[in-house]
Amino acid sequence: MRPLIMFANWTLRERQRPDAHEKGLWELREDLTSRISELEALLRTKTAAEDIPAETRALADQAFKELEEARTTLRHDHRRRLPAAHLAVAQTRFDMAHTLMLRLSSLDEVTAMMPGLVAFVREHLPVNDERRIQVEETALAVRSGTALEGTQRQVVVDAVAAARQTHLREHLRVRNFTCVVYGMAVALSVIVVLLGIFGAMAPETVPLCFHPEKIGVVCPTASDTSALSTAPDGDVDDLYAMVASRWDYPVVMFTGIVAAAVAAATSLRRIRGTSTPYNVPVALALLKLPTGALTAVLGLLLMRGEFVPGLQALDSSAQIVAWAVIFGYAQQLFTKLVDNQAQTVLDSVGGPNNTPAKPTRDPQTPAA
């Protein structure tokens, strides 16, 4: 009883820790926490004077509230604890506070922040977005020496807010894709387990055996060259039932999983890393494992059914296992489409059309 009581006390202490349910990347969480502290310090500096206008005070109070909500979210003081979801929620709160700070900042301060704001807008808004075009024209005007006006600041702030919403949708797209891949991996794994149980309990129902001429019956884990003379009436199905083993399906499926693991390790070289808290490469690798087991079994069944002429009569158990390796690795032909889609989704983080737009004409430069 004493070890159980000690374990229960340790579990209770772990649950009481602020980071006991930490999800996502620790680095991203700490980076966002530090940026919250920095923005909070800037806001306190702007509101230090007692004679600031009432509208400025209202914007600052709401910004402080948003920052506090972001801190609360990062502390996991909420019921919804999906993996890395708290990072997206806290980032949304921080973005709102930063937008409010831009609205209460002076025109000179916004002018100083223009390079970073324009770069963020270019990264997430498409080149044909009217807000991005106006922001780029405003940036050219400011660069040429024209003072920033209040209406122009409003355009810049609105464009930055739209870019942040696009950035959030990009991350949610990666998260949804990762959840779909994990779901498919789980579903295929369940199918593999059920197929393995069925194959072990009734190996003679759909045997993975072959009947080469003048040899007998060859299965993945057993063979019998005398089966031709011992089987009643020479029935091929009876021959398979006599030689088939309960280990045939598990051996073939395990071989397919090993081959799929090798293929997964090889395919990861084409997947670039991502700064999102969603581990897409791991999800892709997990999807390949049950797929390899299924393709190994289905490939041998197709060969047994003479789907490929000339390959329907394997001579030994070693050949069957070797073809299981080939079919398990061949799952890459099917999952490659998923790999390509994963790379497309990862590339979209930052905007699918984030290439520089056509240079906007300087307002002070006469048209040709």
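Leaving aside its neighbours within four places in sequence, with which residues is Thr 178 in contact?

**View 1. The surroundings of Thr 178 in helix H8.** In this predicted model, Thr 178 is found in helix H8, and its contacts, once neighbours within four places in sequence are set aside, are with Tyr 278, Asn 279, Val 280 and Ala 283. Thr 178 has a relative accessibility of 5%, under the 20% limit, and therefore counts as buried. Cys 179, by comparison, has a relative accessibility of 46% and counts as partly exposed.

**View 2. The whole protein, as a setting for the close-ups that follow.** The secondary structure of the protein comes to 14 helices and two strands, and buried residues make up 38% of its 368 residues. Among the contacts with a separation of 6 or more, 78% are accounted for by residues 24 or more positions apart. The protein exposes about 20,600 Å², of which carbon and sulfur atoms supply 60%.

**View 3. The largest nonpolar core and the helices that supply it.** This core has 34 residues, and those that touch the most other members are Ile 36, Leu 39, Leu 43 and Leu 67. Helices H2 (26-46), H3 (54-74), H4 (85-104), H6 (114-124), H7 (130-143) and H8 each supply at least two residues of the core, with the largest share, eight residues, coming from H4. A second, separate core of 32 residues includes Ala 185, Tyr 249, Met 253 and Ala 296. Returning to Leu 67, the residues that it touches, not counting those up to four places away in sequence, are Ile 36, Leu 39, Glu 40, Leu 43, Phe 94 and Ala 97.

**View 4. Helix H14 and its buried face.** Helix H14 (residues 332-347) has 16 residues and reaches 21 Å from its first C-alpha to its last, which is close to the 22 Å expected at 1.5 Å a residue. Its buried residues are Gln 332, Thr 335, Asp 339, Ala 342, Gln 343, Val 345 and Leu 346. Seen down the axis of H14, these residues fall within an arc of 160°, so they line one face of the helix. An α-helix has 3.6 residues a turn, so residues three or four places apart point the same way. What covers the buried residues of H14 includes helices H8 (150-201), H11 (248-267), H12 and H13 (317-329), whereas Leu 333, Phe 334 and Leu 337, on the other side of H14, are exposed.

**View 5. Helix H12 and the residue Glu 306 that comes after it.** Helix H12 (residues 280-304) has 25 residues, which at 1.5 Å a residue should span 36 Å, and the end C-alpha atoms are 36 Å apart, so the two values agree. H12 is followed by Glu 306, whose phi is positive, near 60°.

**View 6. The disulfide between Cys 209 and Cys 219.** The count for this model comes to one disulfide, which joins Cys 209 to Cys 219 with an S to S distance of 1.9 Å. Cys 209 lies in the loop between H8 and strand E1 (217-218), while Cys 219 lies in the loop between E1 and strand E2 (223-224), the two cysteines being 10 residues apart. The torsion about their S-S bond is about 105°, so the disulfide is right-handed. Cys 209 counts as buried because its relative accessibility is 0%, and Cys 219 likewise counts as buried at 0% relative accessibility.

Technical notes: Residues numbered from 1 in each chain as written. Predicted model: local features only at pLDDT ≥ 70, side-chain atom pairs only at ≥ 80, totals over all residues. Heavy atoms only, no water. Helix = DSSP H or I, 4+ residues; strand = E, 2+ residues; numbered from the N terminus. Buried < 20%, exposed > 50% of the residue type's maximum accessible area, 1.4 Å probe, protein only. Contact = heavy atoms within 4.5 Å. Areas by Shrake-Rupley, 256 points an atom, 1.4 Å probe, with all protein chains shown as cover. Expected span 1.5 Å × (residues − 1). Arc of directions from axis to C-beta. Disulfide = S-S within 2.5 Å. Core = buried A, V, L, I, M, F, W, Y, C linked by side-chain atoms within 4.5 Å.
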